[in-house]
Amino acid sequence: MRPIKQAFHDRYMALALVQMGLSALAVLAATALRFIHVGRPGVESIAPLAPKVAAFSLVLVTTMYALGMYQRFALMRTEEMAVRVVAACGLTWAGLALLYYLLPGLYLGRGIMALTLLFVAPALLTTQILFQRWGEAALIKPRVLVLGAGQRAADLFARLGKPRGSRLVGFMPLSADQLAETLPGPIVRVATNRLDELARRLRVDEIVVAPDERRGLLPLQALLECRALGIRVTDAIGFAERETGKVFLDLLQPAALVYTTGGFGSALYPYGKRVFDTVAAMLLLGLVAPFMVLAALAIRVEDGLDAPVFYRQIRTGRGGHAFSIWKFRSMSVDAERSGVPVWAQRDDPRVTRVGRILRKYRIDELPQLFNVLRGEMSLVGPRPERPEFVAELARNIPFYDVRHRIAPGLTGWAQLNYRYGDTEADAREKLQYDLYYLKHQSLLFDLMICLLTVEVVLFGKGAR
């Protein structure tokens with residue numbers, strides 16, 4: 001167990017303490033504003049608030065911790081931080097409701113609570129952003145030692161380039177390693193049974209295990225000592241996934257999917273996801289109905305009253321079952337007059353003038369919300385492909401069929417992180433993001449992807 005003194009000075013504990021202070025100030029400010037008509041509050045009226053302030057601050061910071069806001073091993077996008085802060089505020093409200101039921105004396109009042117959360121949410125997000133910017137300057141990035149200095153370690157870090165969320169301190173060779181010539185960091189030599197001493201001396205936060213040969217060579221006792229010191233021990237593949245947000249197909253073993261801890265294979269997650277999809281799809285249909293009407297009118301104006309507004313296409317869904325999706329027609333009526341399926345391309349000449357606008361802002365995809373309501377699709381998941389392409393891709397790309405274990409999505413992790421692909425190489429690259437999503441599914445991850453998709457739609461990013 002890490003010494004108390006070291007834990008007290010932990011960088012993320014400092015962030016938690018700052019946010020506790022801000023939440024306390026938010027409660028006081030909300031109280032003052034709520035009762036401003038009474039006059040200036042004196043010490044005698046503020047003092048009784050102390051236990052209430054403490055309860056609010058502790059519940060909020062505990063919720064932030066539970067949502068992973070104080071993890072040392074992952075940098076988050078601003079949008080993801082915003083989602084987690086909003087989720088933390090909602091869970092804090094629910095947690096305090098339970099606490100107030102058990103301890104009525106701590107009750108703040110609904111008006112004060114609403115004002116407090118309104119004040120504290122931007123303060124929490126601002127401190128998270130500033131703290132991460134500080135971290136990106138390598139001042140708080142976790143220090144990583146790589147166990148292994150052979151070709152496997154060199155290949156791994158050649159793919160990663162400069163680690164995004166970590167600071168590399170060196171490579172420690174094992175006895176069977178043939179030292180690679182292209183290691184992007186210094187060689188650290190020490191007896192394996194003194195690994196814990198080395199980790200303390202170099203102030204290592206994480207050890208990445210990447211030897212050329214594991215069997216009988218890993219210093220398991222020393223690694224256990226490091227774990228007891230609070231040092232994280234990570235497999236090379238897991239480290240690469242965390243740094244890149246994708247799964248490397250040529251490094252993937254089936255066991256990595258079998259032992260996944262995400263929503264894939266969970267008994268409860270599919271039910272929560274279905275409720276989320278249904279409610280969100282109904283709300284979205286209510287919001288976008290005017291745009292759908294305008295899209296239909298624009299298509300008729302451009303191509304004539306006899307031209308079809310919608311385009312029906314067969315796609316492959318969960319379990320490999322085919323289903324029909326409906327889209328606003330964005331290409332000319334005879335786009336596939338040869339009868340042979342053709343990959344859509346960037347700046348495709350078959351796209352009409354109206355269709356170009358529909359595609360840029362993803363309006364052509366809106367009819368698929370009805371597929372979501374019918375359960376054929378989800379809001380978030382792999383992009384559904386045409387059966388003719390799926391058969392070919394499954395023959396040529398390993399693990400391609402795994403993406404059909406879950407429902408396809410209107411948006412997804414691959415769609416956000418990779419351009420609109422029109423080749424087999426693109427499909428392979430996007431599969432690596434789809435598999436990452438499959439391994440790490442959660443409602444919070446889905447919510448983050450939906451929020452990022454809003455940015456794509458508003459600014460027309462990734463349009464094809």
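In the predicted model, Asp250 is partly exposed, because its relative accessibility of 48% falls short of the cut-off of over 50% for exposed residues. Arg159 is likewise assigned to the partly exposed class, at a relative accessible area of 38%. The side chains of Asp250 and Arg159 form a salt bridge with an N to O distance of 2.5 Å. This pair links distant parts of the chain: Asp250 sits in the loop between α10 and α11 (254–258), whereas Arg159 belongs to helix α7, and 91 residues separate the two.

Helix α7 spans residues 151–160, and its buried residues are Ala153, Ala154, Leu156, Phe157 and Leu160. These residues lie on the same side of α7, because the arc they cover around the axis is only 165 degrees. The buried residues of α7 pack against two strands, β1 (143–147) and β2 (167–172), and against helix α10 (236–244). Gly161 follows α7 and has a positive phi, near 70 degrees.

Parallel pairing is found between strand β3 (residues 206–209) and strand β4 (residues 232–235), with 4 bridges. Val209 has Asp235 in β4 as its bridge partner. Between β3 and β4 the chain passes through helix α9 (residues 220–228), giving a β-α-β crossover that is right-handed.

The salt bridges come to 14 by the rule applied. Two of them involve residues of helix α12. In one, Glu302 is paired with Arg353, and the closest N and O atoms are 3.4 Å apart. Since Glu302 is part of helix α12 and Arg353 is part of helix α13 (residues 353–360), this pair ties together parts that are 51 residues apart in sequence. Glu302 is partly exposed at 24% relative accessibility, while Arg353 is exposed, its relative accessible area being 67%.

In the other, the side chains of Arg329 and Asp303 meet at 2.7 Å, N to O. Here the parts tied together are 26 residues apart in sequence, because Arg329 is located in the loop between β6 (322–328) and α13 and Asp303 in helix α12. Arg329 counts as buried, because its relative accessibility of 5% is under the 20% cut-off. Asp303, at 32% relative accessibility, counts as partly exposed. Salt bridges also link Lys327, Asp364, Glu365 and Arg383 into a network. Side chains of opposite charge can pair when their charged atoms come close.

Turning to nonpolar packing, nonpolar side chains tend to be buried together in soluble globular proteins. The largest nonpolar core of the model contains 47 residues, and the members touching the most other members are Phe328, Trp413 and Tyr437. The most residues in this core, 8, come from helix α12, which runs over residues 269–303. With residues up to four places away in sequence left out, the contacts of Tyr437 are Tyr269, Lys273, Val380, Gly381, Ile406, Trp413, Phe445, Asp446 and Ile449. A second core, separate from this one, holds 35 residues, among them Tyr12, Ala24, Met69 and Leu108.

Methods
Residues numbered from 1 in each chain as written. Predicted model: local features only at pLDDT ≥ 70, side-chain atom pairs only at ≥ 80, totals over all residues. Heavy atoms only, no water. Core = buried A, V, L, I, M, F, W, Y, C linked by side-chain atoms within 4.5 Å. Buried < 20%, exposed > 50% of the residue type's maximum accessible area, 1.4 Å probe, protein only. Contact = heavy atoms within 4.5 Å. Arc of directions from axis to C-beta. Pairing = 2+ DSSP bridges. Right-handed = clockwise from strand over helix to strand, strands pointing away. Salt bridge = Lys/Arg side-chain N within 4 Å of Asp/Glu carboxyl O.
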